2 protein chains.
Amino acid sequence: MGVVRTTKTVRLVTQFFDTYEHAIGVLDLVEKFKEEMNRSTIYRILDRLEDEGKVHSFLGANGLKHYAKCKDCNHKEHVDVHPHFQCTNCGMVECVAYEIKIPALPDKSVEQAQLLLTGICANCKD
Amino acid sequence: MGVVRTTKTVRLVTQFFDTYEHAIGVLDLVEKFKEEMNRSTIYRILDRLEDEGKVHSFLGANGLKHYAKCKDCNHKEHVDVHPHFQCTNCGMVECVAYEIKIPALPDKSVEQAQLLLTGICANCKD
DNA sequence: ATTGTAATTGCAACTGTTTTGCATTAAATT
DNA sequence: AATTTAATGCAAAACAGTTGCAATTACAAT
């Protein structure tokens with residue numbers, strides 16, 4: 001598995017993230033690409049893109065994995081240090097440009113942090 | 001469904017939380033009470049206790065629901081405004097006594113926040 | 001261009017988690 | 001003790017994600 005191949009399906013998913021500004025849940029991706037590729041292919045491609053640091057993932061309010069393209073993430077720590085926002089009305093999910101400072105906890109070493117904010121988005125407020 | 005009944009099973013779960021200081025995942029609860037009650041009963045009781053504001057829930061690192069008794073939560077906002085910590089080594093999960101300040105987001109109204117910290121706990125560090 | 005190879009995919013079956021419908025049981029009220 | 005209906009147990013279904021394997025296909029070598 002040394003070489004990595006740029007298949008039609010990988011290209012499709014990559015192109016999607018290139019032009020998609022929000023985050024998207026796995027199931028929505030499965031639905032979106034159901035004509036073009038198999039469920040398991042989606043899951044495998046997302047795993048790969050995340051490994052390669054092209055996208056990052058986090059859990060939405062329902063516990064489902066969501067993906068968004070990485071802007072400033074590097075390979076080493078493809079950790080989410082920024083919060084994500086999910087609209088409880090329309091379901092829209094997006095990355096929030098805001099760095100959280102992780103509280104230092106006595107006797108523990110904190111390595112990651114996930115901050116999920118939920119509420120009503122700009123669109124749904126009006 | 002106006003009346004609420006204090007059944008044997010509800011009592012068992014309630015008593016458990018009364019003396020349990022950490023948070024616990026649903027599956028561990030199912031396992032723990034598998035002799036005393038059915039899977040679905042656990043799920044239903046947890047839902048109820050959460051509705052009643054006796055416990056609060058949040059998602060662990062694996063996306064599984066975790067429960068802990070509420071100390072300062074009131075019914076109205078049984079919202080997790082405090083972070084949770086999960087040890088990636090032993091799996092232990094606990095509430096962190098630390099209030100996070102939710103960043104104000106332009107054009108959005110943030111109603112809830114879930115902050116999950118992961119790392120190594122005191123026990124596993126030594 | 002053709003061929004060889006192994007990475008990638010599709011499929012179907014399976015695992016694990018949560019929910020649901022319904023008959024039965026058992027709290028609480030009379 | 002009888003009545004009412006909330007709560008439970010059970011088995012089946014729903015749902016999300018994974019896996020083994022045969023078929024396909026990208027890509028390097030010829």
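**Two protein chains on two DNA strands**

A phosphate oxygen of DNA strand C lies 2.9 Å from an N or O atom in the side chain of R48(A), a polar contact in the sense used here, namely a pair of N or O atoms within 3.5 Å (within protein, one must be able to donate a hydrogen and the other to accept it, and residues adjacent in sequence count only if both atoms are side-chain atoms). The model is predicted, so local features are given only at pLDDT of at least 70 and side-chain atom pairs only at pLDDT 80 or more, while totals for chains, interfaces and linings use all residues. Residues are numbered from 1 along each chain as its sequence is written, chains are lettered from A and ligands numbered from 1 in the order in which they are written, and side-chain values use heavy atoms, with hydrogens and water left out.

Two further contacts to DNA strand C may be set beside that of R48(A). A backbone N or O atom of N38(A) is 3.0 Å from a phosphate oxygen of this strand, whereas the side chain of R5(B) places an N or O atom 3.2 Å from a base nitrogen. The elements that give two or more residues to the surface near DNA strand C are helix 1 (8-19) and helix 3 (39-51) of chain A together with helix 2 (26-32) and helix 3 (39-51) of chain B; here helices (H or I, at least four residues) and strands (E, at least two) are DSSP runs numbered from the N terminus. Helix 3 of chain A gives the most, with 6 residues. A residue counts as near if one of its heavy atoms lies within 4 Å of the molecule or strand, and of the 26 residues around DNA strand C, those that come nearest are T7(A), T9(A), T41(A), L27(B) and Y43(B). Of the atoms of DNA strand C within 4 Å of the protein, 63% belong to sugar or phosphate and the rest to bases.

Around DNA strand D there are 24 residues, of which L27(A), Y43(A), T9(B), T41(B) and R48(B) come nearest. Sugar and phosphate account for 67% of the atoms of this strand that come within 4 Å of the protein. The side chain of Y43(A) has an N or O atom 2.7 Å from a phosphate oxygen of DNA strand D, while bases of the strand are reached by R39(A), with a side-chain N or O atom 3.4 Å from a base oxygen, and by S40(B), with a polar side-chain atom 3.3 Å from a base nitrogen. Helix 3 of chain B supplies the largest share of the surface near DNA strand D, 5 residues.

Within chain A, 3 strands form an open antiparallel sheet in the order 1-3-2, where two strands pair if DSSP finds at least two bridges between them. Its edge strands, each pairing on one side only, are strand 1 (24-25) and strand 2 (55-59). Strand 2 of chain A is joined by 5 bridges to strand 3 (residues 65-69) of chain A, and F58(A) stands opposite H66(A) in strand 3 of chain A.

The two chains also meet each other, with 31 residues from chain A and 31 residues from chain B in the contact, defined by heavy atoms within 4.5 Å. Chain A and chain B bury about 2,300 Å² between them, 64% of it on carbon and sulfur atoms; buried area is the accessible area (1.4 Å probe) that two parts lose on being put together, summed over both. P103(A), K108(A) and L117(A) supply 20% of the area that chain A buries against chain B, more than any other three residues.
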